[in-house]
Each structure stands twice: as C-alpha cells, then as structure tokens.
Amino acid sequence: MRTQKYTTVLFDLDHTLLDSDASEALAFEATLLLAGVDDPYQYLPTYIEINRALWAAVERGESTPGHVRTARFEQFVVAVGLDLDPIVLADAYVDGLGAHGELYPGAREVLETLAGLATLALVTNGLSDVQRTRLRRLQLDSYFDAVVISAEVGVSKPAPEIFDIAFAMLGMPDRSTVLMVGDSLTSDIQGGNDSGIATCWYNARCQAPGASDRFDYQIHSLQSLPGIAAGDGLITDGPLSNQGANKLLPM
C-alpha cells in the first residue's frame, strides 16, 4: 500500500457537487406547469428515462448535448401524448435547470478546503447556458482554475480529449498528480482511467460496481476528499476492480 498526494483535482458537477435530481425535478415541474399541465410529476419517470438514454448516447459519442436539449422533449411529448411544443418546453426547462438546484450539504466547505491543497477544475457534460448559469448563481467560479463544459468544447466525457483540454488549460500538470472525482462510472471514472489519471468514485448511493469497473478510490462522502488530496488515504499499487479490492476510505 502507498499514499499519493494530488495537487490537481478535477470535479464533475451533476450528481457530484450539485443535487441534480432536485434541480431536474423542480425544472420539470416548473416547465410543465407553465405549459398548463396539471400534476407534472406523473410524467417525470418517463422524462427521466428518455433523458438518461439520450445522455448515454452522448457518452458513447453518438449524440451531442445540443441535440439532447430539444430531442428529449420531442420524444417526451410523443411518449405521453401531450400536444405541446417541444422547443418551448426545452427553452423553459433549460431556464429552470439554471435556476433550481443546490450543492450537496458540505460540498462548498470541501471545495474551500481543497482549494488550499490543490488546483481545482470542473469537467462536466452539459449545456453551456445551464452550467454557466449554475456556476454564477452558486458562486462556484472562484474555486476552479479551469471550467470545461462539453457543449462548449465539442467533446464529452468519457472521451480523453475533454480531459486533454482541461490539462492544457491547467498548464499540463503531471498526470500522476491528478485526481478525477465523479459519480458516473461510465463517464467520469472511465474517462479518468482512459486519460491515465487516478479516479475517485463518489458512490453516495452505495451501489455495487460492475465486474469490469475500475477506480482508485471509492467514497460515500465528499468530506473524505481533502484527506485523499493530502495523501492521507489508502491507494493500491494498481487500479482497483470490484473483485474484492475496492477500499472505502474511513468516513
């Protein structure tokens, strides 16, 4: 076993720092109420299924965030049989996503602590107007030396190219000193692995990893991150798998 100090930490935003479930639910409710739909929440599960499938296509390189912006509502109105304009819904929903949603409890304090230990950057799949509005509203810009949003750079996680862009913006740090933190095994963790950097899976829901999932750290609380960055956490000499090797850092 060895310890490793990280001087650069890359963060995902949605479902890692930001309570995106609440943001999406509130934005969806506001959008459908504005369109005159009663009881919007009855339609939320259908929307979530459509939205997730479209973002999964983005991860596979088969689509783009700009396509998702309207396509999710084009598919949604057909699926639930609502006579509504998907473009109007899409515009209202984007506004709602920017206006709703808060950081997870303790996330800001973790960023403040980490900012004194490492250079921080944000690498996020998403729409520019949504993520930029969130960053301004939540006053997050000051924590990050680089912000990379997939819709702005034309490539999405897990593609290594989006990480290359972040590294260039940060002055090409030594990749052995970089840690990627995120909730998505297929996006954040796979992308970090493919880019040759250490990865930390934020597994707040205590999910079991798949047979082929590999990561260096698994945490259930963001409060564990300063210890990892400072080199106080445990890490094995090689990538971890789910075959009995993953170690939870002390909470």
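User: What makes up the surface that the protein chain exposes?
Analyst: In this predicted model, the protein chain exposes about 11000 Å², and carbon and sulfur atoms supply 51% of that area.

User: And how much of the chain counts as buried?
Analyst: Of the 251 residues, 52% count as buried. The cut-off for that word is a relative accessible area under 20%.

User: How do you know what radius of gyration a compact globule would have, and what does the protein chain have?
Analyst: The globule rule is 2.2 Å times the number of residues to the power 0.38. With 251 residues that gives a value near 18 Å, and the protein chain has 18 Å, so the two agree. As for extents, the C-alpha atoms fill a box of roughly 60 × 40 × 30 Å along the principal axes.

User: What share of the contacts joins residues 24 or more positions apart?
Analyst: Counting contacts with a separation of 6 or more, such pairs account for 65%.

User: OK, on to the fold. Which helices and strands are there, in numbers?
Analyst: The protein chain has 10 helices and 6 strands. An open sheet of 6 strands runs in the order β3-β2-β1-β4-β5-β6, with parallel pairing.

User: Why are β3 and β6 called edge strands?
Analyst: Each of them, β3 (146–149) and β6 (217–219), pairs on one side only. On average, neighbouring strands in this sheet are turned by 20 degrees against each other, ignoring direction.

User: How do you know that β1 and β4 pair?
Analyst: Pairing takes at least two bridges. Strand β1 (residues 8–11) and strand β4 (residues 178–182) have 4, in the parallel sense, so they qualify as a pair. Val9 has Leu179 as its bridge partner in β4, and Phe11 has Val181.

User: What about β1 and β2, how many bridges there?
Analyst: Also parallel, over 4 bridges. Thr8 stands opposite Thr119 in β2, while Leu10 faces Ala121 of that strand. β2 goes on to pair with β3, in the parallel sense over 4 bridges, and there Val123 stands opposite Val148.

User: What makes β2 count as largely enclosed?
Analyst: 5 of the 6 residues of β2 (residues 119–124) are buried, so the rest of the structure largely encloses the strand.

User: And what covers the claim that both faces of β1 are covered?
Analyst: Look at the two sides: Thr8 and Leu10 are on one, Val9 and Phe11 on the other, and all are buried.

User: Which helix packs on the sheet by touching β4 and β5?
Analyst: Helix α9 (residues 185–194) does; its direction makes about 165 degrees with that of β5 (198–202).

User: How do you know how many disulfides there are?
Analyst: A search of the whole structure finds 0. Cys200 is in no disulfide, and the nearest cysteine sulfur, that of Cys206, is 14 Å away. A disulfide needs the sulfurs within 2.5 Å, so at 14 Å from the closest one, in Cys200, the sulfur of Cys206 is too far for a bond.

User: Are those two cysteines buried or exposed?
Analyst: Cys200 has a relative accessible area of 0%, so it is buried. Cys206 is at 52%, and because exposed means over 50%, Cys206 counts as exposed.

User: Why is Ser156 called buried?
Analyst: Its relative accessible area is 10%, under the 20% limit, so buried it is. Ser156 is found in the loop between α7 (150–153) and α8 (160–169). Leaving aside residues up to four places away in sequence, Ser156 touches Val58, Pro65, Asn125, Ser150 and Ile162.

User: What kind of peptide bond joins Lys157 and Pro158?
Analyst: A cis one, with omega at about 15 degrees. Pro158 lies in the loop between α7 and α8.

User: What is the phi of Gln139, and where is that residue found?
Analyst: Phi is positive, about 55 degrees, although Gln139 is not a glycine. The residue is found in the loop between α6 (128–137) and β3. At 60% relative accessibility, Gln139 is over the 50% limit and so counts as exposed.

User: And Met172, what makes that residue count as exposed?
Analyst: Met172 has 53% relative accessibility, which is over 50%, so the exposed label applies. Met172 lies in the loop between α8 and β4, and its phi is near 55 degrees, a positive value in a residue other than glycine.

Technical notes: Residues numbered from 1 in each chain as written. Predicted model: local features only at pLDDT ≥ 70, side-chain atom pairs only at ≥ 80, totals over all residues. Heavy atoms only, no water. Buried < 20%, exposed > 50% of the residue type's maximum accessible area, 1.4 Å probe, protein only. Contact = heavy atoms within 4.5 Å. Axes fitted to C-alpha atoms, helices over the stretch in contact; angles between N-to-C directions. Areas by Shrake-Rupley, 256 points an atom, 1.4 Å probe, with all protein chains shown as cover.
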